[in-house]
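This report describes one protein chain for a reader who is new to structural analysis. Please keep the sequence and the structure in view while reading.

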Amino acid sequence: MKKVLASIGIGNATVDTVLPSETVRPGETIDADVHIAGGNAQQEIGTIRFELETRYLTDDGYREVDIDRFTLTDGLTIEPDQEETRSVSIDIPYETPVTVGGIDVWVETELDIDLAVDPEDKDYLEVRPTPRLQTVFDAMDDLGFSLRTAECEADPYGRYAVGRRFIQEFEFDAIDGRFRGDLDEVELVAQPGPDELELFVEIDRRGGLLSEMADMDERKTRTTIRSTNRKTVRDELAALIEKHV
């Protein structure tokens, strides 16, 4: 009877992934401990699955997506009330979105148990910008821009990256400084990497109704950020935006 109850999740084994910190940056690797506690009956665990997940906006609403996934394949027999701990290293890919503006990122751990409800654990992360992306944010602030929204959106045609289903877009308003009054907004899509940051930029100039209807007020460009020097990046972005105002 205990095995039957465990198969529907009553008295099942449980799993808890303990992270050293909830704060991470893309490109980092974090070491974690996976604690498994036996339930009321012996159970065979085939694999331990890990999924790094977020959600992004589509035309039909929000959809959850795996940023990355992997498994620990060593089988395990967990006895009633037995406790086991497995160590694991979790890579945070560079395409992991930054958790600002209501964006959520989490690690989901799942035990694969035949003929049973798979026990799960969900741990939310605070994903901070890479050093280069933080420098871009600081430079935009220096230029009088304020971050309005940061949304993960579908990219079905691969405009920004091949093989990815979504991107994170940052929208900035010109509230002060030299560009105030000339621009409606600046939109940034960042593709970080270990040695550089590819930055896609859309500059929306302030124009009349006809210009906006025809998208004549929009200018799209791109640049590569290699420095983490705030003044250097500020000057690069100022020159880029000035060119398209």
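Leu133 is found in helix 2 of what is a predicted model. Leu133 counts as buried because its relative accessible area is 4%, and the limit for a buried residue is under 20%. Leaving aside neighbours within four places in sequence, Leu133 is in contact with Val98, Phe170, Ala190 and Leu197. A further link across the sequence joins Leu133 and Pro192: these residues are 59 residues apart along the chain, yet their C-alpha atoms are separated by 7.5 Å.

**The chain as a whole**

The protein chain contains four helices and 14 strands. Of its 245 residues, 44% count as buried. The accessible surface of the chain comes to about 12800 Å², and 45% of that surface belongs to carbon and sulfur atoms. Among contacts with a separation of 6 or more, 62% are between residues 24 or more positions apart.

**Helix 2 and its surroundings**

Helix 2 covers residues 131–142, which is twelve residues; at 1.5 Å a residue the expected span is 16 Å, and the end C-alpha atoms are indeed 16 Å apart, so the two values agree. Just after this helix, Gly144 takes a positive phi of about 95 degrees.

Which residues of helix 2 are buried? They are Arg132, Leu133, Thr135, Val136, Phe137, Ala139 and Met140. In an α-helix there are 3.6 residues a turn, so residues three or four places apart point the same way. The buried residues of helix 2 pack against helix 4 (230–244) and against five strands, namely strand 10 (145–154), strand 11 (166–174), strand 12 (183–192), strand 13 (197–205) and strand 14 (218–225).

Thr135 also lies in helix 2. With a relative accessibility of 6%, Thr135 counts as buried. Not counting residues up to four places away in sequence, Thr135 touches Thr228, Asn229, Arg230 and Val233.

**The packing of helix 2 with helix 4**

Two packed helices are described by the angle between their axes and the distance between the axes. For helix 2 and helix 4, the angle is about 65 degrees and the axes are 8 Å apart. Helix 2 passes helix 4 in a right-handed crossing. On the side of helix 2, the residues that meet helix 4 are Thr135, Val136, Asp138, Ala139, Met140, Asp141 and Asp142; on the side of helix 4, they are Arg230, Val233, Arg234 and Leu237. By class, this contact has five nonpolar, one polar and five charged residues.

**A residue in a loop**

Asp81 is placed in the loop between strand 6 (76–78) and strand 7 (83–91). Is Asp81 buried or exposed? Asp81 counts as exposed because its relative accessibility is 64%, and the limit for an exposed residue is over 50%. Phi of Asp81 is near 65 degrees, a positive value in a residue other than glycine. Beyond residues up to four places away in sequence, Asp81 touches Gly38 and Gly39. The C-alpha atoms of Asp81 and Ala37 are separated by 6.3 Å, although these residues are 44 residues apart along the chain.

The following table lists the two C-alpha pairs described in this report.

| Pair | Separation along the chain | C-alpha distance |
|---|---|---|
| Leu133 and Pro192 | 59 residues | 7.5 Å |
| Asp81 and Ala37 | 44 residues | 6.3 Å |

Methods: Residues numbered from 1 in each chain as written. Predicted model: local features only at pLDDT ≥ 70, side-chain atom pairs only at ≥ 80, totals over all residues. Heavy atoms only, no water. Helix = DSSP H or I, 4+ residues; strand = E, 2+ residues; numbered from the N terminus. Buried < 20%, exposed > 50% of the residue type's maximum accessible area, 1.4 Å probe, protein only. Contact = heavy atoms within 4.5 Å. Areas by Shrake-Rupley, 256 points an atom, 1.4 Å probe, with all protein chains shown as cover. Expected span 1.5 Å × (residues − 1). Axes fitted to C-alpha atoms, helices over the stretch in contact; angles between N-to-C directions. Left-handed = near helix turned anticlockwise from the far one by under 90°. Nonpolar A, V, L, I, M, F, W, Y, C, P; charged D, E, K, R; others polar.
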